Amino acid sequence: SGPLDKEQMQGLRGVREFLKVRTSYDVLPLSFRLVVLDNDLLIKKSLNILIQNGIVSAPLWDSRKSSFAGLLTSTDFINVIQYYCQFPDEIGNIDQFRLSSLRDIERAIGVEPLETVSVHPMRPLYEACRRMLKTRARRIPLVDVDGETGREMVVSVITQYRILKFIAVNNEQHTMLLKKPVRDLGLGTYTNLATATMGSSVLDVIHLMVKYNISAVPILDQDNTVLNLFEAVDVIPCIKGGAYDELSATVAEAMSRRSEDFGGIYTCNEDDRLDSIFDTIRKSRVHRLVVVDDDNRLKGIISLSDILKYVLLYGEEDDDIRSG
Ligand code: ATP
């Protein structure tokens, strides 16, 4: 191994140390707002609240038990859509479903319920990261216990995006050492890619996401040129107002409904180095990178979990996650 490898390992070790001496609490901004939804709310209404607040997920609260009841994410809406596909005659009832019915919907369509893990905000950030990789959770609620009442409180939600942003902004002295190109690291997925075209229906793309267990599908033209990326969160405006029959609309139509502040998609090249990917994360709201060649043709995709996995686990002895 050359000097580049040595420096790379030094950078990785530095970032890991940094994650061990910071807590999840450190990642939270000084002041923030948290939208928590009551489990008794109609699913239909929860969609409107998410859209109005410009968010894509929220913790759920069981007010009868006064306890945290899981996280609402785009996966739940995709489950409702699958339910609609399997039981089209139920369309009249779907409107009446409450957030508390989401577990029944999972059971009806036969998906494994996502393990709802939470972490204490004062535990090391490194722990939250390991837990995310282990459970494949993209976001974890930070749950504390109120000293007076002994009740659970959801402080906030920590995401892979927030953690990588925190590293990029606060640990540049180590990320700048990560000079090896994406190609050498094998970072991301390059074979068996799920893709679609502008003319694909939203429903087709949702089925791809379910089948591959992914949250974004590159949209290509006939020459494999990358035109766009359809993300699981794009599903939310599609089913607003219970318009499940409109899921036969094309991806092009659905993407035209994106909100004004949609930041666009991010691409990179296989020769780009990890330090420059951290620069992109520092400067922009990136959730995944599409890897393209010089002609903008699709080569691969790098998700935030790919980056987090590499940063945490590469070269570690007790590497129980990558193999699992
Ligand atoms: P998020 O991107 O929402 O943070 P995630 O990191 O789990 O979540 P996914 O997009 O679900 O990202 O990706 C999971 C794995 O699947 C990653 O290893 C990623 O490289 C791979 N992957 C992502 N998109 C595709 C795709 N369209 N086709 C094939 N594999 C993909």
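User: Which residue with a positive phi follows helix H15?
Analyst: In this predicted model, helix H15 spans residues 304-313. The residue asked for comes after this helix, and its phi is near 80 degrees. That residue is Gly315.

User: How many of the ten residues of H15 are buried?
Analyst: Helix H15 is mostly covered. Its buried residues include Leu304, Ile307, Leu308 and Leu313, and Asp306 is also among them. The count for the helix is eight.

User: Which element gives the most residues to the largest nonpolar core?
Analyst: The largest nonpolar core has 46 residues, and Leu19, Ile163, Leu274 and Ile307 are among those with the most contacts inside it. One element supplies seven residues to this core, the most of any. That element is H15.

User: Why does this core lie between domain 1 and domain 2?
Analyst: The domain assignment gives domain 1 as 18-167 and domain 2 as 180-313. The position of the core follows from its membership, because residues are given to it by both domain 1 and domain 2.

User: Which residue of H15 does Leu19 touch?
Analyst: Leaving aside residues up to four places away in sequence, Leu19 touches Pro124, Leu125, Tyr126, Cys129, Ile163 and Ile167, along with one further residue. That further residue is one of the buried residues of H15. It is Leu312.

User: What area do domain 1 and domain 2 bury between them?
Analyst: The centres of the two domains, taken over C-alpha atoms, are separated by 22 Å. In the contact between them, 30 residues of domain 1 meet 34 residues of domain 2. Carbon and sulfur atoms carry 78% of the buried area, which is about 2800 Å².

User: How many salt bridges are counted between domain 1 and domain 2?
Analyst: A search of the whole structure finds 19 salt bridges. Between domain 1 and domain 2, however, the count is zero.

User: Is Asp234, the salt-bridge partner of Arg258, buried or exposed?
Analyst: The side chains of Arg258 and Asp234 meet at 2.8 Å, N to O. The pair links distant parts of the chain, with Arg258 in the loop between helix H13 and strand S8 and Asp234 in the loop between S7 and helix H12. Arg258 has a relative accessible area of 14% and is buried. Asp234 has a relative accessibility of 6%, so it counts as buried.

User: How many residues apart in sequence are the parts tied together by Asp95 and Lys44?
Analyst: Asp95 forms a salt bridge with Lys44, and their closest N and O atoms are 3.6 Å apart. Asp95 lies in the loop between helix H5 and helix H6, whereas Lys44 lies in helix H3, so the pair ties together parts whose separation in sequence is 51 residues.

User: Is Asp295 buried or exposed?
Analyst: Asp295 and Arg297 meet through their side chains in a salt bridge of 3.7 Å, N to O. Arg297 has a relative accessible area of 34% and is partly exposed. For Asp295 the relative accessibility is 53%, and the threshold for the upper class is over 50%, so Asp295 counts as exposed.

User: Which residue in S7 is the bridge partner of Leu220?
Analyst: Strand S6 (residues 216-220) and strand S7 (residues 226-231) pair in the antiparallel sense over five bridges. Both faces of S6 are covered, with Ala216, Pro218 and Leu220 buried on one side and Val217 and Ile219 buried on the other. The bridge partner of Leu220 is Val226.

User: Which residue in the hairpin of S6 and S7 takes a positive phi near 70 degrees?
Analyst: Most residues other than glycine have a negative phi. The hairpin has five residues between its strands, and the residue with the positive phi is Asn224.

User: In which loop does Arg136 lie?
Analyst: Arg136 is not a glycine, yet its phi is positive, at about 65 degrees. With a relative accessible area of 47%, Arg136 is partly exposed. Its place is the loop between helix H7 and strand S4.

User: Which residue in S2 stands opposite Asp38?
Analyst: An open sheet of three strands has the order S1-S2-S3, with mixed pairing. Its edge strands are S1 and S3, each pairing on one side only. S1 and S2 pair in the parallel sense over two bridges. The residue opposite Asp38 is Trp61.

How values were computed: Residues numbered from 1 in each chain as written. Heavy atoms only, no water. Buried < 20%, exposed > 50% of the residue type's maximum accessible area, 1.4 Å probe, protein only. Helix = DSSP H or I, 4+ residues; strand = E, 2+ residues; numbered from the N terminus. Core = buried A, V, L, I, M, F, W, Y, C linked by side-chain atoms within 4.5 Å. Domains from an automatic or database assignment. Contact = heavy atoms within 4.5 Å. Pairing = 2+ DSSP bridges. Buried area = accessible area lost by both parts, 1.4 Å probe. Salt bridge = Lys/Arg side-chain N within 4 Å of Asp/Glu carboxyl O.
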